[in-house]
Amino acid sequence: MASRIFVAALLVSTAAPALAQADPAALAAELAAMRAKIESLEAKVKELEGAQAKTAAVVPSWKGAPQLEDKKAGWSFKPFGRLQYDLGYVGSPPGVTDRGLGFASELRRGRIGAEGTVPGGFGYKVELDFADNEIEVTDAFLSYEASNQLGFTIGQHNNFQSLEELTSSRFLTFLERAAFTDAFGFERRVGLSARFSQGDVIAQAGIFTANIEDLSNAQDAVGLGDENDAVSLDGRIVYAPKLGDMQLHFGGSAHIRDNGDTAASGPATRYRQRPFVHTTNTRFLATQSLRVETETNYGLEAAMISGPFHAAGEVHWLEADRLTGLSPTFFGGYGEAGYYLTGETLGYRGGRWDRTKVRKPVGGGGIGAVQLNLRYDHLDLNSEGVVGGKQQGYLASLVWIPQDHVRFYLNYGRLRYEGAAIPAAGGDRDYSIDVLGARAAVDF
């Protein structure tokens with residue numbers, strides 16, 4: 001209304017001298033023309049105001065990366081990524097010559113992706129990893145938030161294996177996760193899952209097939225590809241109360257997987273593990289190739305955070321039911337403790353470790369966050385005639401976080417093997433090696 005009055009007044013004041021000398025007929029015609037001009041200008045003003053309001057609804061912000069969000073409509077879009085460069089050294093037992101030992105370096109992870117929301121409570125996430133000069137799909141899923149407590153996910157995502165496995169590689173306390181996570185074949189898989197949270201309790205469950213790469217039509221007859229009919233049921237429950245300023249975490253998970261046709265006609269299963277750096281493909285722990293019909297595994301988790309101190313431990317068992325009728329049971333676990341020398345607190349959210357908020361970052365008058373961690377890691381791949389070896393790892397890590405999205409790691413490990421897969425001089429399979437690792441990482 002104000003714009004209409006202003007425009008009318010402007011036109012009247014401009015045309016007033018001419019109108020004073022006009023006859024009634026001419027005056028009526030002139031007034032009609034002025035009214036048409038007012039209506040035309042008013043329509044243009046409304047159009048500009050609407051465009052301005054629509055533009056203002058999409059609010060750009062910065063949350064470690066640019067994010068576009070229209071809260072009223074329900075749309076959002078945010079790109080993200082990470083780079084992790086590793087340098088590693090693996091000691092060689094006496095008499096062992098292996099090109100995979102010694103010094104090596106690699107792009108451990110190079111990921112790019114996008115995530116966001118869609119009107120109606122839907123969300124999405126797509127992430128690709130281009131390390132090793134190959135494109136690999138890590139996450140690719142659609143989600144739906146039915147309420148603040150209940151959500152669903154369909155597509156390629158993690159199937160609730162353990163605290164360590166579910167924690168992003170951006171926030172780990174060591175270069176690599178606990179030995180049992182890789183040895184037992186933890187990986188993302190295509191499936192449908194549900195998540196329920198109420199107060200201090202989180203419950204997760206789902207039905208999963210295989211990793212998206214193993215379902216590819218490009219797989220040959222041995223790999224099965226789209227003929228892969230493996231299926232698993234997976235569940236995890238977490239109780240995470242707070243006692244004052246102390247965050248506690250207790251969890252358990254259970255999994256049963258039927259390998260379907262892959263058990264007899266697909267690639268055989270081997271349970272094996274690298275020596276705590278990814279820069280080598282050499283495995284001192286490895287079982288023979290096994291035809292596994294079903295896998296049943298379960299794990300327990302416990303952790304706590306109190307100011308700059310944290311402690312965590314997990315144990316996990318895997319029973320492999322072979323086509324021969326034998327069912328070996330393998331075991332792995334770890335215990336660790338860590339402390340921020342600069343006073344920060346380890347991040348925790350949604351039943352897993354999260355980003356550490358640096359108190360005094362580099363560039364803001366401080367030196368960043370400095371964390372020291374110690375860990376004992378155990379893996380036993382001997383059972384029911386299967387001899388994959390035992391490993392005891394004594395590990396230490398120093399983590400420097402100059403600002404929230406940049407990290408540097410320095411790791412040392414002393415690994416003790418019993419019945420190793422690679423014999424040393426004289427056929428000795430009981431020996432120790434030293435491992436060093438370093439990483440420079442950035443994420444956005």
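This report describes selected strands, loops, salt bridges and side-chain contacts in one protein chain.

## The model and its confidence

The structure is a predicted model. Across the protein chain the mean pLDDT is 91, and 90% of the residues reach 70 or more. Residues 7-12 require caution in reading, since pLDDT stays under 50 there. For that stretch the model has seven contacts beyond four places in sequence.

## Paired strands

Strand S15, residues 292-306, is joined to strand S12, residues 246-258, by twelve bridges. These two strands run antiparallel. Within the pairing, Gln247 stands opposite Ile305 in S15.

S15 is also joined to strand S16, which covers residues 309-322. Here there are 14 bridges, and the strands again run antiparallel. Met304 stands opposite Ala311 in S16. S15 and S16 form a hairpin with two residues between the strands, and in this hairpin Gly307 takes a positive phi near 60°.

## Positive phi in a loop

A positive phi also appears at residues that are not glycines. Asp132 has a positive phi of about 60°, and Asn133 has one of about 55°. Asp132 is found in the loop between strand S5 (122-129) and strand S6 (136-145), and Asn133 is likewise found in the loop between S5 and S6.

Are these residues buried or exposed? Asp132 counts as exposed because its relative accessibility is 57%, and the cut-off for exposed is over 50%. Asn133 counts as exposed as well, at 80% relative accessibility.

## Salt bridges

Side chains of opposite charge can pair when their charged atoms come close. In this model the count comes to 17 salt bridges. Three of them are set out below.

| Positive residue | Negative residue | Closest N to O distance |
|---|---|---|
| Arg188 | Asp139 | 2.9 Å |
| Arg355 | Asp443 | 3.0 Å |
| Arg414 | Asp434 | 3.0 Å |

Arg188 and Asp139 meet in a salt bridge. Arg188 lies in the loop between helix H4 (179-183) and strand S8 (189-198), while Asp139 lies in strand S6, so the pair ties together parts that are 49 residues apart in sequence. Asp139 is buried, with a relative accessible area of 5%.

The salt bridge of Arg355 and Asp443 links distant parts of the chain, 88 residues apart. Arg355 is in the loop between strand S19 (352-354) and S20, whereas Asp443 is in strand S23, residues 431-443. Both Arg355 and Asp443 are buried.

Arg414 forms a salt bridge with Asp434. Because Arg414 lies in strand S22 (residues 406-418) and Asp434 in strand S23, this pair ties together parts that are 20 residues apart in sequence. Arg414 is partly exposed, with a relative accessible area of 36%. Asp434 also counts as partly exposed, at 30% relative accessibility.

Salt bridges can also be described as a group. Arg82, Arg111, Glu127 and Asp129 are linked in a network of salt bridges.

## Two residues of strand S20

Asp377 lies in strand S20, which covers residues 369-383. What is the nearest side chain of opposite charge to Asp377? This side chain is Arg375, 4.4 Å away. A salt bridge needs a side-chain nitrogen of Lys or Arg within 4 Å of a carboxyl oxygen of Asp or Glu. Asp377 is buried yet has no salt bridge. The side chain of Asp377 does reach the backbone nitrogen of Ala179, at 3.2 Å. Leaving out residues up to four places away in sequence, Asp377 touches several others, among them Ala178, Phe276, Tyr334, Gln391 and Leu395.

Asn382 lies in strand S20 too. Asn382 is partly exposed, with a relative accessible area of 25%. Which backbone nitrogen does the side chain of Asn382 reach at 2.9 Å? That atom belongs to Gly388. The backbone nitrogen of Gly389 lies 2.8 Å from a polar atom of the side chain of Asn382. Apart from neighbours within four places in sequence, Asn382 is in contact with Thr329, Phe330, Val387, Gly388, Gly389 and Lys390. Asn382 and Arg283 are 99 residues apart in sequence, and their C-alpha atoms are 15 Å apart in space.

Definitions and conventions:
Residues numbered from 1 in each chain as written. Heavy atoms only, no water. Pairing = 2+ DSSP bridges. Helix = DSSP H or I, 4+ residues; strand = E, 2+ residues; numbered from the N terminus. pLDDT = per-residue confidence, 0-100. Contact = heavy atoms within 4.5 Å. Buried < 20%, exposed > 50% of the residue type's maximum accessible area, 1.4 Å probe, protein only. Lys, Arg positive; Asp, Glu negative; His and termini not counted. Polar contact = N/O pair within 3.5 Å; in protein donor to acceptor, adjacent residues only side chain to side chain.
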